[in-house]
Amino acid sequence: MIYYNVHTHILTMGNIPKRFLNQYLPGPLADALDKLTNTKLGAYIFGIILSLYGGSWGKQYASFLKIGKSKSQMDVFENLMEQYDEDICFIALTENLEFLGGGSSPSGFEGQIEEILEVKRRYPERLLVFLGIDPRWKENGPELRDTIVRYFETKISLNNGKEIYPFAGLNIRPSTGFFPFDIRLKESFEWASENKVPIMSHCYFMGGIFNNDESYLRTALNPINPYTNEPSPFRKYFFKRDYLKWFLGHNNSFINRMNCSYFIEPEAYRDLLGYFQKGKKNPLKICLAHFGGAEQILISHGYEKGRKLDNPPFGILPENWYQQIKDLLSGGIKGLFTDISFSLFETAIFPYLKDNLNNPDFGDKILFGDDYYLTEPSWKKKSTYKNFREVFSAKNNAESKTLWEKIASENPKNFLKSKYYLPE
Amino acid sequence: MTNFFNIPLVSTAISILIAWALFSLFCSYFHEGIVQMKGERGRFMRDQLFLQLKDKANGINWASLVYTHGSIDTLSNDASNPTPFISAEQFTRTLIQVIANNHASCSLKNQDQNSSSYKSPILNQFLKSLQVLKTSDIILTLSQISREAEIKSLNDKGVLDEAKFFQEIQSGIQTWYQSLMLQVSNWYKSKTQQRLFILGCLLGLVINVDSLQLFSYFQNHPESRNSLIQYYQSHQLELQKQVDSLSQDSLVKARTIENCHCRDKFMILTKANQGKDTLAMSQKDSTMYAGYHKQISLDTFSIHSALTGVKTSAVKMDSLIQKEGVPIGIQYNYFLQVKKKMIKLKITDLLLKLLGVLLSGLAVSFGAPFWFDALKKAFSLKSYFS
């Protein structure tokens with residue numbers, strides 16, 4: 001049986017904007033970090049320091065540095081395969097981060113695609129590629145859709161002469177500065193719905209990559225919603241100046257991160273999802289990755305862990321994100337999925353996850369993914385995965401299949417099945 | 001005329017030249033050690049290629065694809081230490097392949113129903129890619145090379161010779177790459193000069209290499225300057241060898257990039273002379289072979305040799321300095337002496353000290369080969385006069 005890790009990243013520092021770190025760290029510090037970690041020795045020493053004294057952020061960043069500075073996506077992917085059993089197939093998400101405000105990436109986005117397709121050519125059975133799209137990538141919606149169709153329809157040749165479709169799905173990252181209901185994405189989503197192409201999106205409260213350009217955010221928070229004829233609720237830019245951070249060039253990233261919650265909160269997907277439930281349209285297969293985030297899951301179950309602002313979380317609908325996703329899932333919305341990536345290391349969520357997987361309404365909508373390599377120190381990766389697989393492989397008397405089989409094989413197959421990928 | 005070199009001012013100037021040459025050699029070794037440890041040449045070359053081959057119009061950096069291509073990727077074992085050498089031949093082959101086979105252009109080519117014009121699939125794909133990709137500096141350059149190659153490949157009857165056409169394209173790209181590498185080499189030289197200046201100033205400040213102080217010292221100590229000149233004369237060959245190991249003919253050691261061309265020729269020569277020994281080669285080939293071989297063997301300069309070089313030159317210079325009492329060394333550090341109250345802090349003294357150190361830094365920025373060349377010329381002049 002093939003199992004799927006539906007949420008991994010294999011892009012390198014060469015594929016992300018040159019000034020990516022400056023988005024989140026004071027400029028001089030980001031530049032110094034970048035230079036210091038250019039050498040193997042520098043990266044090693046810095047990684048150790050961060051892992052030991054940097055807290056959870058430091059550990060993540062150390063892991064990011066260690067793997068992200070790899071030579072190529074091929075190296076990262078081979079490293080990823082080493083961490084897992086041979087029966088796992090990986091979904092690698094390509095990321096269009098060219099519009100993040102950190103400049104363009106050294107490789108260019110199309111260059112990133114070329115690189116990953118080389119990996120796909122070498123490991124066609126182990127790797128499924130999701131094409132990262134951004135409404136700002138092309139001039140307009142139809143052009144974006146046409147580009148996507150061309151990319152999907154053009155087969156790649158393997159060494160054995162066989163030709164295969166290169167992509168299995170789409171990946172959007174709204175936190176970089178657009179709404180999932182962006183008008184320029186509409187044609188592409190309609191095409192995805194027609195062809196049952198799965199879409200990965202990201203829904204982790206206060207987590208992940210975000211747009212740190214205040215002036216851009218102020219203008220981007222209130223676009224027209226093409227799926228409703230009613231005006232969209234007004235989203236006010238939350239603002240609080242921290243002069244020290246401003247002086248250090250940090251540009252109040254915490255504030256911007258909060259404002260980017262507007263883009264990815266579960267509520268922002270409601271109209272889009274509703275649109276594809278109507279008429280004879282196929283439902284849009286979309287995965288709201290991360291299930292709101294481990295913190296939201298724990299807060300929802302009465303844990304005190306979390307930031308002061310977590311409860312209620314920031315957004316147009318001040319409700320727990322995990323709860324919001326659960327409501328959407330149990331509300332009969334077809335094609336909606338979620339995954340548990342970035343939360344694998346949080347063993348406290350396992351009991352709730354088991355309950356959710358046994359839920360008759362949405363137990364078949366939860367997918368296994370780990371958000372490699374943005375999670376935790378890489379040397380722990382193998383044990384985290386092994387532990388998860390072991391816990392969820394325990395036989396359940398009532399069901400013929402284990403929860404592991406359900407979350408990592410059965411559910412992902414439903415999510416992935418399309419014209420471009422047919423699971424065995 | 002022999003007395004001309006015995007004029008105190010002239011011999012002082014020669015002594016200063018020797019001091020600058022030795023200090024430059026020391027700094028060059030120091031710099032080389034850092035460069036080797038950081039794998040900087042390879043990174044510099046990669047960064048410059050990334051900059052020049054970035055194709056914003058098509059969203060692709062061709063250099064990135066060249067570097068991640070299997071044939072180039074296998075040349076280095078670590079992302080932080082990319083290969084400092086890609087032959088023009090290898091670069092051309094890889095660039096043609098990545099342009100011909102990239103998915104962005106393949107997807108556009110699929111829409112183009114025109115039948116293939118050339119028998120060679122790679123040539124066909126490459127030229128079609130140039131047609132369908134958006135216009136950018138790199139695509140424009142390659143299109144121009146292709147057009148020129150097309151003209152050169154027409155035979156007397158005006159029919160295109162496909163094999164020659166492909167060869168001309170390759171040779172055009174190789175020539176363009178070589179000229180780009182020459183430019184990169186110049187950028188690297190200028191960067192190294194700046195860094196040698198800073199390094200010279202810093203080291204000069206720490207170990208008190210003050211050109212003004214040295215000048216007055218040598219002027220007042222004829223026995224010291226004679227010893228220094230004697231030292232140089234007796235160690236001339238050995239020092240020259242060290243300078244050669246650092247740099248062949250340039251101000252700084254930007255050898256890797258410069259040697260691309262040399263290596264290509266060497267490879268071609270080796271291939272052509274396979275099975276022959278050097279005696280069987282033509283005189284010209286044999287000389288070229290020896291020259292290239294020398295340059296390539298100099299390329300094997302490693303961190304170990306840099307560190308050994310620093311150590312050896314430091315020990316030798318130290319013993320010479322100790323023997324002659326030249327005011328160089330940490331114990332002569334201006335700030336240390338002020339701290340130990342051996343001298344009083346005076347603004348004029350401090351400014352003169354900084355000026356002297358800056359002069360030393362400036363001398364270092366010219367590079368050891370420059371000063372050793374100057375010395376060689378000066379001493380050949382001396383022997384001529386005598």
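Colleague: Which elements of chain A do the buried residues of H14(A) pack against?

Modeller: In this predicted model, the buried residues of H14(A) pack against strand E7 (199-204), strand E8 (286-292), helix H13 (294-300) and strand E9 (336-339) of chain A. Helices (H or I, at least four residues) and strands (E, at least two) are DSSP runs, numbered from the N terminus. A residue is buried if 20 or more other C-beta atoms lie within 10 Å of its own, exposed if 12 or fewer, and partly exposed in between, with C-beta atoms placed from the backbone. Two residues are in contact if their C-beta atoms, placed in that way, lie within 7 Å.

Colleague: How many residues of helix H14 of chain A are buried?

Modeller: Seven of the ten residues of H14(A), which spans residues 321-330, are buried, and the helix is mostly covered. Among the buried ones are Trp321(A), Tyr322(A), Ile325(A) and Leu329(A). Just after H14(A), Gly332(A) has a positive phi of about 80°.

Colleague: Which residue of strand E8 of chain A should be examined for its phi?

Modeller: Most residues other than glycine have a negative phi, and most peptide bonds are trans. His290(A), in strand E8 of chain A, is not a glycine, yet its phi is positive at about 85°. His290(A) is buried because 29 other C-beta atoms lie within 10 Å. Phe342(A), also not a glycine, has a positive phi of about 75°. Phe342(A) belongs to the loop between E9 and helix H15 (350-357) of chain A and counts as buried, with 25 C-beta neighbours inside 10 Å.

Colleague: Which residues have the most contacts inside the largest nonpolar core?

Modeller: In soluble globular proteins, nonpolar side chains tend to be buried together. A nonpolar core is a set of buried Ala, Val, Leu, Ile, Met, Phe, Trp, Tyr and Cys residues joined through C-beta atoms within 7 Å. The largest one has 115 residues, and Ala92(A), Val129(A) and Phe130(A) have the most contacts inside it. Apart from this core lies another, of 40 residues, including Trp20(B), Tyr29(B), Cys201(B) and Leu228(B). Not counting residues up to four places away in sequence, Phe130(A) touches several residues, among them Ile91(A), Leu93(A), Phe167(A) and Met200(A).

Colleague: How should the packing of H1(B) and H10(B) be read, and at what angle do their axes cross?

Modeller: Two packed helices are described by the angle between their axes and the distance between the axes. The axes of H1(B) (residues 8-38) and H10(B) (residues 211-220) come within 9 Å and cross at roughly 135°. Axes are lines fitted to C-alpha atoms, for helices over the stretch in contact, and angles run from 0 to 180 degrees between N-to-C directions. Angles under 35 degrees count as roughly parallel, over 145 as roughly antiparallel, 65 to 115 as roughly perpendicular and the rest as oblique; H1(B) and H10(B) are therefore oblique to each other. Pro8(B) and Ile16(B) are among the residues that H1(B) brings to the contact, and Leu214(B) and Phe218(B) among those of H10(B).

Colleague: How many residues of chain B are in contact with chain A?

Modeller: Chain B has 21 residues in contact with 24 residues of chain A. On the side of chain B that touches chain A, H6(B) gives the most, with four residues.

Colleague: Which conventions apply to numbering and confidence?

Modeller: Residues are numbered from 1 along each chain as its sequence is written, while chains are lettered from A and ligands numbered from 1 in the order in which they are written. As this is a predicted model, local features need pLDDT of at least 70 and side-chain atom pairs count only at pLDDT 80 or more, whereas totals for chains, interfaces and linings use all residues.
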